[in-house]
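Biologist: Hello! I am new to this structure; could you walk me through it?

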Amino acid sequence: MPRPRKRLAGSAEPAGPDNKGPAGKRTKTKNPVGASAQVVNSSPQKTSASKTCGKNLSSYWLMKSEAESRLEKGVDVKFSIEDLKAQPKQTACWDGVRNYQARNFLRAMKLEQEAFFYHSNCKEPGIAGLVKIVKEAYPDHTQFEKNNPHYDPSSKEDNPKWSMVDVQFVRMMKRFITLAELKTHHQAHKATGGPLKNMALFSRQRLSIQPLTQEEFDFILSLEEKEPS
């Protein structure tokens with residue numbers, strides 16, 4: 001039986017067609033028996049992860065999580081990188097995603113790939129640290145829990161719509177990389193053709209799961225060695 005884990009929160013994003021609330025929120029229920037069953041790609045849109053990501057799937061990601069307390073149907077959806085560090089083995093499942101494109105990105109993730117842990121819906125949004133994928137996509141149990149804010153009555157256990165992955169803390173950034181700083185570079189790079197010119201954080205900003213190119217990932221890592229611009 002999988003051990004209970006805290007859930008992670010992603011930022012609000014456009015809801016899927018069968019869910020009217022914001023997606024990617026942490027809940028406090030436990031993983032059910034059999035939560036590690038293989039994922040069935042069952043989206044009504046029939047959009048594969050490979051089509052969503054393009055021919056070459058991303059190896060790097062940005063994953064948003066709410067860093068400040070906010071109640072959703074009586075549940076505090078806050079989960080910061082500090083909360084992840086406090087979990088057993090510094091590992092948690094990333095549940096509650098209810099957007100098809102974000103879900104497909106989850107399904108495209110591979111073991112040991114790295115992601116930036118991004119604090120969203122807070123006074124100072126930005127990149128707080130690094131995590132890695134330690135379990136590839138499997139059914140998100142919260143879709144079947146009637147008391148969960150992300151319950152989806154249209155999803156069936158033998159053909160689940162929604163998926164999650166497990167992530168593990170890697171390290172904190174040497175300094176917090178703010179959204180404002182990233183936006184400054186993005187705007188400059190649009191004019192000069194720099195690494196962040198097409199960054200999804202600005203072109204698909206409401207998605208809680210976003211792919212990064214190698215160039216984007218390396219550039220953002222380089223920022224922690226420099227003074228804020």
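Modeller: Gladly! Two strands count as paired if DSSP finds at least two bridges between them. Please keep in mind that this is a predicted model.

Biologist: How many bridges join β4 and β7, and in which sense do the strands pair?
Modeller: Strand β4 covers residues 91–94, and strand β7 covers residues 163–178. Within this pairing, A92 has V167 as its bridge partner, and C93 stands opposite D166. The strands pair in the antiparallel sense, over four bridges.

Biologist: Which residue in β7 stands opposite I127?
Modeller: Here we look at the pairing of β6, residues 126–139, with β7. These strands are antiparallel and share 10 bridges. Opposite I127 in β7 stands I177.

Biologist: Which strands stand at the edges of the sheet?
Modeller: The open sheet has six strands in the order β4-β7-β6-β5-β1-β8, with mixed pairing. An edge strand has a single partner, so one of its sides is left without a neighbour in the sheet. The strands in that position are β4 and β8.

Biologist: At what angle to β7 does helix α6 run?
Modeller: Let's take the two helices in turn. Helix α3, residues 100–108, lies across β1, β4, β6, β7 and β8, at about 95° to β7. Helix α6, residues 214–223, lies across β1, β5, β6, β7 and β8, and its angle to β7 is about 40°.

Biologist: Is the pair of W61 and F105 stacked, tilted or edge-to-face?
Modeller: The structure holds five aromatic pairs. In the pair of W61 and F105, the ring centres are 5.9 Å apart and the planes stand at 55°. Planes under 30 degrees apart would count as stacked and over 60 as edge-to-face, so the pair of W61 and F105 is tilted.

Biologist: How many residues apart in sequence are the parts tied together by W94 and F117?
Modeller: The rings of W94 and F117 form an edge-to-face pair, 5.8 Å centre to centre with 75° between the planes. W94 is buried at 0% relative accessible area, and F117 is buried at 0% too. Because W94 lies in strand β4 and F117 in strand β5, the pair ties together parts whose separation in sequence is 23 residues.

Biologist: How many disulfides does the whole structure hold?
Modeller: A disulfide is a covalent bond between the sulfur atoms of two cysteines. Among the cysteines here, C93 is buried at 0% relative accessibility, and C122 is buried at 16%. A search of the whole structure gives a disulfide count of zero.

Notes. Residues are numbered from 1 along each chain as its sequence is written. This is a predicted model: local features need pLDDT of at least 70, side-chain atom pairs count only at pLDDT 80 or more; totals for chains, interfaces and linings use all residues. Side-chain values use heavy atoms; hydrogens and water are left out. A disulfide is a pair of cysteine sulfur atoms within 2.5 Å. Buried means under 20% relative accessible area, exposed over 50%, partly exposed in between (1.4 Å probe, protein chains only). Contact means heavy atoms within 4.5 Å. Axes are lines fitted to C-alpha atoms, for helices over the stretch in contact, and angles run from 0 to 180 degrees between N-to-C directions. Rings of Phe, Tyr and Trp (its six-membered ring) pair if their centres lie within 6.5 Å; planes under 30 degrees apart count as stacked, over 60 as edge-to-face and the rest as tilted.
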